[in-house]
Amino acid sequence: MGTLGAPISGTGVLLVGNGRQYLSPMSCPRHLGFLASVALFAACGFDPAVGAGSMGLSAESLELLEHAPDPEGAEDALQTILESHFGSVLAPRFPQHFQMGDAAGTLELKSAGRLYRSQCMHCHGVEGGGDGSSAYFLTPPPTDFRLGKFKWTALERDHPPRLEDIERTLEHGVPFTSMPSFLRLEETQRKGLAQIVRWLAARGQTERWLVAEWVQGGETELAESVIDMALSDVSKAWNEAAQHVLSPVSEPRPEEMVAERIERGRQLYFSDATLCSSCHGPELEGDGPAVFQKVTDSDGNSHNERVRDEWGAPSQPRDLRQGGFRGGSEPLDLYRRIRAGISGTIMPAAHESMSEEAVWDLVYFVLSEAGLHGTGDDAR
Ligand code: HEC
Ligand code: HEC
């Protein structure tokens, strides 16, 4: 069902006491012949605002293509290539390079696309660019999937997620952000939505790759072999995601979460070996100095500015005393966050030489400061 955005008037609209507008179900088929209202189409199950051809290239791509010999021709050509391999928002499909896994129990891709359009698009955008109509004032902004980077996964840094990582995000939402939990949906629906997220991300990554090829090569068309290489490379990382799960050799037992361990974690937090406090601050409030850099403008005036993440958003280290974490608050979640860092952000991975025990010390220090008593019992 589309949402009824603008106030509408006309046949079939019922105004209900609470101020919401509903359509009389009978009115859709009967009046289709002369309906002019966009909102009425939406209520009958159409998304007139999202036509098959409405998946465009990103603003970044268009800017890069300005340097191509024929920018408009390039835009058309690239859009055609993308559509021929990925379909459209109305009829999504994966190139053959992608392993589809066990499709049983997963919503058909087309229905999942429909669900994405009604549940997610207003935040995450038609192409998954994080630029939906509700996105404007949200901090943090809805994720732009097209970079293929995801923060809250169980994987090593910078690996595209497994479908189950995305499904987990859909189950829990991202606490302390506007990303809601979709637990109220059926599991098959969440599985379908995870496929759509993967589809949008892979399409976006392919777009970036092809635009770069086009601009660098000064081309007027792309060879099939170049397109195939882009699709193989993008799909390979997704197909192999499960090989990059980050798992500790062992996990401390609850009774090992002792004062000494927390104290060792505190010392590590303030040490040069981790630099945690340089970003998260001496009081753990997320106000350390390392997130600022000096920027000099064209008039020679300089000021301090927040370092940006890979999406271009100003970095804001977490207040670690907030009492919960976005990527999950179990000890194992925090182990992964600290060991791998957070993809796409300035939060670095722990140095390779840091022992597993030292990472656990940090985990339990962070948990104790957050007022959470991680027991290790229910960690996944
Ligand atoms: C009200 C706005 C809103 C809606 C609706 C919404 N999201 Fe999000 N979503 C966000 C925000 C904000 C983030 C960024 C969280 C962050 O940076 O930690 C996000 C992040 C995500 C992520 C990335 C998590 C990661 O690991 O980095 C996925 C996947 C996602 N959303 C999928 C969906 C899907 C699928 C839907 C629809 C079923 C949806 N979202 C609906 C706001 C929204
Ligand atoms: C260069 C700056 C920087 C350093 C160094 C750094 N962090 Fe972070 N950290 C961040 C930023 C930025 C975020 C927020 C990322 C986001 O959500 O987009 C973050 C988020 C976190 C989170 C929240 C995860 C969640 O699920 O909500 C934890 C926990 C954390 N950092 C712990 C640490 C620890 C422990 C260290 C030292 C080993 C450390 N950080 C070092 C910048 C940093």
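In helix 5 of this predicted model, Ala112, Gly113, Arg114 and Tyr116 are buried. The buried residues of this helix pack against helix 6 and helix 8. Leucine 193 has Ala112, Leu115, Tyr116 and Leu170 as its contacts once neighbours within four places in sequence are left aside.

**Nonpolar cores**

Leu193 is also among the residues with the most contacts inside the largest nonpolar core, together with Leu78, Ile196, Val197 and Trp214; this core has 36 residues. Two or more of its residues come from each of helix 4 (71-86), helix 5 (109-119), helix 7 (163-172), helix 8 (187-217) and helix 9 (224-239). Helix 8 gives the most, with 11 residues. A second core, separate from this one, has 21 residues, including Cys276, Cys279, Ala350 and Leu362.

**Ligand environments**

The model holds a shell of residues around ligand 1 and another around ligand 2. The table sets out the composition of each by class.

| Shell | Nonpolar | Polar | Charged |
|---|---|---|---|
| Ligand 1 | 15 residues | 8 residues | 2 residues |
| Ligand 2 | 16 residues | 7 residues | 4 residues |

Around ligand 1 there are 25 residues, of which Cys120, Cys123, Phe150, Trp152 and Met179 come nearest. Helix 6 (121-124), helix 7 and helix 8 are the elements that give two or more residues to this shell. The greatest contribution is that of helix 7, with 3 residues.

Ligand 2 is surrounded by 27 residues, and the closest are Cys276, Cys279, Phe325, Gly327 and Met347. Cys276 and Cys279 also belong to the second nonpolar core. At least two residues of the shell around ligand 2 are supplied by each of helix 11, helix 12 (331-340) and helix 13 (356-369). Here helix 11 gives the most, with 4 residues.

**Backbone geometry in the loops**

Most residues other than glycine have a negative phi, and most peptide bonds are trans. Three sites in loops depart from this pattern, as follows.

A cis peptide bond, with omega of about -5 degrees, joins threonine 139 and proline 140. Proline 140 lies in the loop between helix 6 and helix 7.

Phenylalanine 176 is not a glycine, yet its phi is positive, at about 70 degrees. This residue is placed in the loop between helix 7 and helix 8. Phenylalanine 176 counts as partly exposed because 14 other C-beta atoms lie within 10 Å, whereas 20 or more would be needed for a buried residue.

Leucine 284, likewise not a glycine, has a positive phi of about 65 degrees. Its loop runs between helix 11 (276-280) and strand 3 (292-296). Leucine 284 has 21 C-beta neighbours inside 10 Å and therefore counts as buried.

**Confidence of the prediction**

The chain has a mean pLDDT of 85, and 84% of its residues reach 70 or more. Two segments call for separate mention. Over residues 1-46, pLDDT stays under 50, and the model has 43 contacts beyond four places in sequence for them. Residues 374-380 also have a pLDDT that stays under 50, with 19 contacts beyond four places in sequence. Where pLDDT is low, the predicted coordinates should not be read in detail.

How values were computed
Residues numbered from 1 in each chain as written. Chains lettered and ligands numbered in written order. Predicted model: local features only at pLDDT ≥ 70, side-chain atom pairs only at ≥ 80, totals over all residues. Core = buried A, V, L, I, M, F, W, Y, C linked by C-beta atoms within 7 Å. Buried ≥ 20, exposed ≤ 12 C-beta atoms within 10 Å, placed from the backbone. Contact = placed C-beta atoms within 7 Å. Near = placed C-beta within 6 Å. Nonpolar A, V, L, I, M, F, W, Y, C, P; charged D, E, K, R; others polar. pLDDT = per-residue confidence, 0-100.
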